[in-house]
Amino acid sequence: ARGFFTMNDQPVKSAAIHPECSAPNGALKFDSATLHPVQKIERESTAFTKAARQKLQAAVYGAALPMGIAMHEHMLSQCHRLPGVPSSFTSLESFTHRDETIDFSDFLDIPYESPDAPREEPRDVLERMLKIRDASTL
């Protein structure tokens with residue numbers, strides 16, 4: 001079974017274990033796709049808050065307002081920088097008022113600031129995308 005019961009008889013999910021992912025010393029590797037419980041709570045609360053806000057806006061101002069806001073958010077989320085340069089989505093954060101608060105996602109676990117992150121020059125990325133130079137020569 002994938003879960004077990006605690007003393008309070010509340011189900012607790014355990015990490016998924018792949019049988020083919022066992023180390024030579026007999027230890028098992030856990031699935032890296034599992035989320036930390038706090039990450040799961042934050043994602044669910046954000047989605048729940050957004051859905052509740054949309055329902056309230058639709059009830060008070062009509063269905064056009066939440067649809068218009070969703071359309072603007074979708075358009076602003078499509079603006080990206082050149083390949084190889086991380087997008088900051090400043091306009092989207094300003095539109096959603098996310099630039100007024102600082103939380104853990106602003107400074108923890110930023111992938112491109114990791115010391116193990118692959119470093120590529122924007123020119124190399126564009127040349128590979130446009131097939132100007134062969135990727136094997138990079």
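This report walks through a predicted model of one chain, from its overall make-up to a helix, a pocket and a single residue. Local features need pLDDT of at least 70 and side-chain atom pairs count only at pLDDT 80 or more, while totals for chains, interfaces and linings use all residues. Residues are numbered from 1 along each chain as its sequence is written, and side-chain values use heavy atoms, with hydrogens and water left out.

**The chain as a whole**

Let us start with the secondary structure, which comes to four helices and four strands. Helices (H or I, at least four residues) and strands (E, at least two) are DSSP runs, numbered from the N terminus. From that end on, the order is β-β-β-β-α-α-α-α. Of the 138 residues, 8% count as buried; buried means under 20% relative accessible area, exposed over 50%, and partly exposed in between (1.4 Å probe, protein chains only). Among contacts (heavy atoms within 4.5 Å) between residues at least 6 apart in sequence, 12% join residues at least 24 apart.

**Helix α2**

With 14 residues, α2 reaches 20 Å from its first C-alpha to its last, close to the 20 Å expected at 1.5 Å a residue. That expected span is 1.5 Å times one less than the number of residues. Here are the two sets of residues on this helix:

| Set in α2 | Residues |
|---|---|
| Buried | P66, G68 and E73 |
| Exposed, on the face turned away from the buried side | A64, M67 and H74 |

The buried residues of α2 cover an arc of only 160 degrees around the axis, which puts them on the same side of the helix. The arc is that of the directions from the helix axis to the C-beta atoms. These buried residues pack against α1 and α3.

**The largest pocket**

About 1500 Å³ of space lies in the largest pocket. A pocket is an open set of points on a 1 Å grid over the protein atoms alone, where a 1.4 Å probe fits, with protein on both sides within 12 Å along at least five of seven lines; lining residues have an atom within 4 Å of a point. The volume is the space filled by probe spheres set on the points, which are joined across faces, edges and corners. Of the 36 lining residues, T46, R98, D103, S105 and D106 are the closest to the centre. The helix α1 gives the most to the lining, with eleven residues.

**Residue E127**

Finally, E127 is found in helix α4 (residues 122-129). E127 counts as buried because its relative accessibility is 11%. Leaving aside neighbours within four places in sequence, E127 is in contact with I132 and R133.
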